[in-house]
Structure formats: C-alpha cells, structure tokens
Amino acid sequence: MISEIKILVADDHPLLLSGLAEALRNFNYDVVSTCENGAKALDQIIDLTPTIAILDVEMPYLSGIEVVRKCKEKELNTKFILLTSHKEKSLILETKELGISGYILKEEPFSEIQRCIQAVHSGHTYYSKTFDAIYNTKVAPELERIKFLTPSERTIVRLIAKGNTSKSIAEMLGLSVRTIDNHRANIINKLELPSQTDALTTWAKEHFSMLDAI
C-alpha cells in the first residue's frame, strides 16, 4: 500500500521541497521528513530509516551523492531516488556505480516521480528516459573505448587531464618525450578522437572520472 511507503524528501529550494512533500501526501505517501540540506537528510535517514529518500544532488553541507555514499557505508536499507536538473555524464556514471535506484529530472511531471517510487519500492530501478539516452549514447560508448587503453595509457591520460605537457609527463614517468608522444598518438587512435592538439586534453578533463570505472 502507498501509505506504507515512508518517504524522506531533501532539497534546498523551499518551494520545491514543500510542493513535492504536499503532492506526495496528497497521494497518501507517508512523508516522514523534509530536509533543506544534505547533513540534515543524512541524520534523518539514519534516525528514521525511510523506505525511500528522494534527494536533490546539489545541497548545502552534503550533496545528494555524498548522502547516498555515507548511507551505503552504513549499510542502511533505505533506497534512493535523485531528483535533479543535472545531466552530466560523470554524474550519470556515478549514479550507476553507486547503485542508486532512481534518477528523475525536475523538469518531468509528478507522474514520473510516482512511477519511479512504485518501481523502486518493488525492487526495480527507474531512470529518466533522458538518463538512459545519455548513458546509452554518450557514457557506455566511451567506457567501451576506455577498455582498450593500457594501464600506462590511462596514467598518461590522467596526467594530461591535470594539465601536464608531454615533457613534464616524460620527466615524471622517466620516459622520453618521443615515447610519450607515441602513447598520445595511440590513445587518440583508440579513443577515436580528432588529431587536433587539444582534443585529447579536452577529452581527458571531461572524462577523468570514467578512467577508474572499468
């Protein structure tokens, strides 16, 4: 029954927070707490063990992701839904890696939140169609390409992402500049990047979080 689903809602926008809580109560969900920051959300989840916590990503003190991570470290049974405006590839990847049950965009109708809650309560995952589209067309293909990089090549990409030149990377790794440049050429080929000078640097900075995901 809907009334048996205990829900905590956390968002630092007061109008959205109160509006979502009221809408959930109108559909007979048991809203056990509303929180305006991540620290309070974490404390309340620990104290109240809600069935589901609906969290904004960007909140004061602790982000929604940080709240989820800390709760999972404590092995709490609460399931998590992110309600956010963010569509970044790195966030979508982190959501998958953390095993977050739901991901809904704030621009979507309340009916989507309802469907998400019911799916999550039934033990399923429920992601926004936009989430799935970004993951399938932008995240998954990049992960597949990263699989072809050797550990040494990944190290070089990490150093490139931090703004290091071929010369400085060669000095750090005890290799010749020519060897580093050869590695760069191989990396560009494996990642199917254009040959412009800054293409690999741009890619490395944008996809830094993916390098440890494989």
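Here are a few notes on the fold as a whole, helix H1 and a surface patch.

1. First, the ground rules: this is a predicted model, where local features need pLDDT of at least 70, side-chain atom pairs count only at pLDDT 80 or more, and totals for chains, interfaces and linings use all residues. Residues are numbered from 1 along each chain as its sequence is written, and side-chain values use heavy atoms, with hydrogens and water left out.

2. The chain has ten helices and six strands, taken as DSSP runs (helices H or I, at least four residues; strands E, at least two) and numbered from the N terminus. Of its 214 residues, 44% count as buried. Buried means under 20% relative accessible area, exposed over 50%, and partly exposed in between (1.4 Å probe, protein chains only).

3. Take H1, residues 14-26. At 1.5 Å a residue (times one less than the number of residues), its 13 residues should span 18 Å, and its end C-alpha atoms are indeed 18 Å apart.

4. Which residues of H1 are buried? They are Leu17, Leu20, Ala21 and Leu24. Seen down the axis, they fall within an arc of 100° (from directions to the C-beta atoms), so they line one face of the helix. An α-helix has 3.6 residues a turn, so residues three or four places apart point the same way. On the other side of H1, Pro14, Leu15 and Asn26 are exposed.

5. After H1 comes Asn28, with a positive phi near 70°.

6. Met172 sits in helix H8 (residues 166-173) and is partly exposed, at 47% relative accessible area.
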